[in-house]
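This report describes the open and enclosed spaces of one protein structure. Look at the sequence and the model first, then read on.

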Amino acid sequence: MTVLPRAFAWQRTDTTGGEFVTLDDRRGLYAKGTAFAADNALYSCRYDLHTDEGWASTRLEVTAEGAGWRRTLRMERAAGRWRVTTGEQGDLERVLPTAPFAGIEEPDRLHQVLDVDLYNSPLTNTLPVRRLGLHRAEPGTVATIEAAWVLLPSLAVLPLQQVYEVLPGRRVRYSSEGFTAELELDTDGYVVDYPGLATLA
């Protein structure tokens, strides 16, 4: 088993929860993380995330589980197409009746996607920041992307347009579907503070 050289931990500020990740970012990103939260349902999740050397996402595997249920998701990108597979044990709908099905019915809707965005994970905001070099860009630089938004705890996957605007003082303004937050970054582009969501421990 590979020992990964870096580690981060974020504490949720909106609910009981947190995220811990070990990673290697010397040639793209390989990350193994664990998160838990008590927001819309009490759950934990474990994930493995891979990018290529340019920080474009190539694989995400997630297992989410709670009392009486477990769901799994595997996303892989090859030759410009995403393959998405899911599994389920137990009954999440009993705990969360509004939970959508895991995965996505039409993976071709993700054909423009180069970034995955795991719900409420500060780590995954770093993916477009690093891929586009926004952590070193001049203030005023704006990038619009489409990400694969992976909801928790359901593991449903949705294409989601996101806008990142570089601000002075190692910050970026993140916007999507009417939501806006100013994220504070470290020198490597990792989130230090996500107002209303999480702070680096």
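## Cavity and pocket

Across the whole structure, a search turns up 1 cavity of 30 Å³ or more. The model is a predicted one.

The largest cavity has a volume of about 90 Å³. Its lining is made up of 15 residues, and those nearest the centre are R12, G18, E19, A35 and N120. Three strands, β1 (6–12), β2 (17–24) and β3 (30–38), each give at least two residues to the lining of this cavity. The largest share, 3 residues, is that of β3.

The largest pocket holds about 310 Å³ of space. Lining this pocket are 18 residues, with N120, W149, Y174, F179 and Y194 closest to the centre. At least two lining residues come from each of β8 (115–118), α2 (122–131) and β11 (171–176).

N120 belongs to both accounts: this residue is among those nearest the centre of the largest cavity, and also among those closest to the centre of the largest pocket.

The table sets out the two linings by residue class.

| Space | Nonpolar | Polar | Charged |
|---|---|---|---|
| Largest cavity | 10 residues | 3 residues | 2 residues |
| Largest pocket | 10 residues | 5 residues | 3 residues |

Which strands and helix should a reader look for around the largest pocket, as suppliers of at least two lining residues each? They are β8, α2 and β11. For the largest cavity, the elements to look for are β1, β2 and β3.

Terms used. Residues are numbered from 1 along each chain as its sequence is written. This is a predicted model: local features need pLDDT of at least 70, side-chain atom pairs count only at pLDDT 80 or more; totals for chains, interfaces and linings use all residues. Side-chain values use heavy atoms; hydrogens and water are left out. On a 1 Å grid over the protein atoms alone, a cavity is a set of points where a 1.4 Å probe fits but cannot get out, and a pocket is an open set with protein on both sides within 12 Å along at least five of seven lines; lining residues have an atom within 4 Å of a point. Grid points are joined across faces, edges and corners, and a volume is the space filled by probe spheres set on the points. Helices (H or I, at least four residues) and strands (E, at least two) are DSSP runs, numbered from the N terminus. Ala, Val, Leu, Ile, Met, Phe, Trp, Tyr, Cys and Pro count as nonpolar, Asp, Glu, Lys and Arg as charged, and the others, Gly among them, as polar.
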